[in-house]
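Please open the structure in a viewer and keep the selection panel at hand. The stops below follow one another, each with a selection to make and a note on what is found there.

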Amino acid sequence: MSKSVNFAVIGDCHYSEKGNYSTRDCLGAKRKVCSIVDKLNERELDFVFSLGDLGDGHDISEAPEIVDAFSRCKHPVKYAIGNHDLCRRGEWEHTELLKMPAPMYDFSVNGFRFIVLNAFEISRYSRDEKEREAYWNFRKNNPDVPVQEWPGLYRESSWNALKTTLDDAGNKGEDVVIFCHVPVYDLSCLREPGETEPVARIIEYEKMLALLDSYSNVRAYIAGHYHPGGLSVRRGVVHKTVRSVCDFKEETYCLVSIDEEKLRIFGKGMETDFIYSYANN
């Protein structure tokens with residue numbers, strides 16, 4: 001039986017009633033999400049995925065408003081945790097709000113394993129004082145490591161769990177797609193063509209890329225966080241950074257279709273189409 005999956009991916013929302021700023025239409029984010037969900041309800045999809053930052057982080061009521069907007073969806077809705085989600089809630093509080101099984105989790109659909117990572121385990125947002133201290137010590141003791149302000153480090157238990165899940169997917173013949181709020185690959189999050197310094201990526205990007213390189217069944221790493229978005233293919237893995245909901249007038253999101261031969265992205269709003277054939281790998 002051939003395997004295939006169809007899903008939608010929605011980027012950062014940043015809903016807030018505090019008002020708009022910079023390029024962000026925080027006030028209009030819920031309206032856009034409701035409209036996007038109405039459009040997705042007209043399609044046959046296996047699930048819808050939100051890449052996090054539901055609210056802007058000013059008030060504890062923001063994220064529940066976007067969860068309410070997603071509740072209109074007839075498809076299963078899955079979530080990743082964003083940094084702004086942790087401004088008013090801890091990782092487990094936010095997990096309970098979204099009815100996620102855990103901050104890091106996985107699920108299978110039609111021969112594909114989807115792994116959802118939490119990029120803020122040991123970070124400035126940690127509720128655990130020792131983990132928060134470990135994050136600041138890492139930054140202090142590693143001045144040459146390029147560290148953006150927001151992402152954190154992964155717990156060793158999460159590295160072990162990720163390896164175990166990747167092994168299990170391989171043993172079951174499943175292809176793998178990873179969701180994380182923060183990108184991992186430089187070329188999927190550069191401000192302008194030709195720039196060499198990425199704007200946003202996980203701190204332990206080298207370790208993560210080396211791990212992904214050791215598995216031949218990883219098909220894509222899909223992230224948000226960097227609102228202008230981006231896309232690049234590295235060693236047969238499609239690294240897609242989805243453009244935000246809040247920064248564009250157009251209702252912006254991606255439809256994704258993956259089978260045994262190709263990965264297809266159908267861009268909506270300010271997103272663009274893309275097709276990658278695994279025969280090229």
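Begin by selecting Phe114 together with Val177, its bridge partner in β6. This is a predicted model, and the pair offers a convenient entry to its sheet. Extend the selection to strand β5 (residues 112-116) and strand β6 (residues 175-179): the two run parallel and are joined by 5 bridges. Strands of a sheet pair through backbone hydrogen bonds, either parallel or antiparallel.

Next, display the whole sheet. It is open and consists of 6 strands, ordered β4-β5-β6-β7-β9-β8, with mixed pairing. At the edges are β4 (105-109) and β8 (230-234), each of which pairs on one side only. On average, and ignoring direction, neighbouring strands here are turned by 15° against each other.

Now add helix α5 (residues 156-171), which packs on the sheet and touches β4, β5, β6 and β7 (218-223). The direction of α5 makes about 170° with that of β5.

Return to Phe114 and show its surroundings. Beyond the neighbours within four places in sequence, Phe114 is in contact with Val5, Phe7, Phe47, Tyr105, Asp106, Phe107, Val109, Val177 and Phe179. Several aromatic residues can then be selected as a group: Phe7, Phe47, Phe49, Tyr105, Phe107, Phe112, Phe114 and Phe179 form one aromatic cluster. Over the whole structure, a search finds 16 aromatic pairs.

Two of these pairs merit a separate view. How are the rings of Phe47 and Phe179 arranged? Their centres lie 6.3 Å apart and their planes stand at 90°, so the pair is edge-to-face. Because Phe47 belongs to strand β2 and Phe179 to strand β6, the pair ties together parts that are 132 residues apart in sequence. Both Phe47 and Phe179 are buried.

Replace Phe47 by Phe49 in the selection. The rings of Phe49 and Phe179 have centres 3.8 Å apart and planes at 10°, so this pair is stacked. Here too distant parts of the chain are linked, with Phe49 in strand β2 and Phe179 in strand β6, 130 residues apart. Phe49 has a relative accessible area of 0% and is therefore buried, the limit being under 20%.

Widen the view to the largest nonpolar core, which has 81 residues. Phe7, Phe114 and Phe179 are the residues with the most contacts inside it. Helix α1 (residues 29-40) supplies the largest share of this core, 6 residues. Apart from this core lies another, of 5 residues, including Ile122, Tyr135, Leu153 and Ile203.

Helix α1 is the next selection. Is α1 mostly covered or uncovered? Of its 12 residues, 9 are buried, so the helix is mostly covered. The buried residues are Ala29, Lys30, Lys32, Val33, Cys34, Ser35, Ile36, Val37 and Leu40. Their cover includes β1 (4-10), β2 (47-50), α2 (62-70) and β10 (253-259). A distance check on the end C-alpha atoms of α1 gives 16 Å, which agrees with the 16 Å that 12 residues should span at 1.5 Å a residue.

Finally, select Thr95 in helix α3 (residues 91-98). Thr95 has a relative accessible area of 1%, which means that the residue is buried. Setting aside neighbours within four places in sequence, Thr95 is in contact with Ile81, Met100, Pro101, Ala102 and Pro103.

Definitions and conventions: Residues numbered from 1 in each chain as written. Predicted model: local features only at pLDDT ≥ 70, side-chain atom pairs only at ≥ 80, totals over all residues. Heavy atoms only, no water. Core = buried A, V, L, I, M, F, W, Y, C linked by side-chain atoms within 4.5 Å. Buried < 20%, exposed > 50% of the residue type's maximum accessible area, 1.4 Å probe, protein only. Helix = DSSP H or I, 4+ residues; strand = E, 2+ residues; numbered from the N terminus. Contact = heavy atoms within 4.5 Å. Pairing = 2+ DSSP bridges. Axes fitted to C-alpha atoms, helices over the stretch in contact; angles between N-to-C directions. Expected span 1.5 Å × (residues − 1). Phe/Tyr/Trp six-rings, centres within 6.5 Å; stacked < 30°, edge-to-face > 60°.
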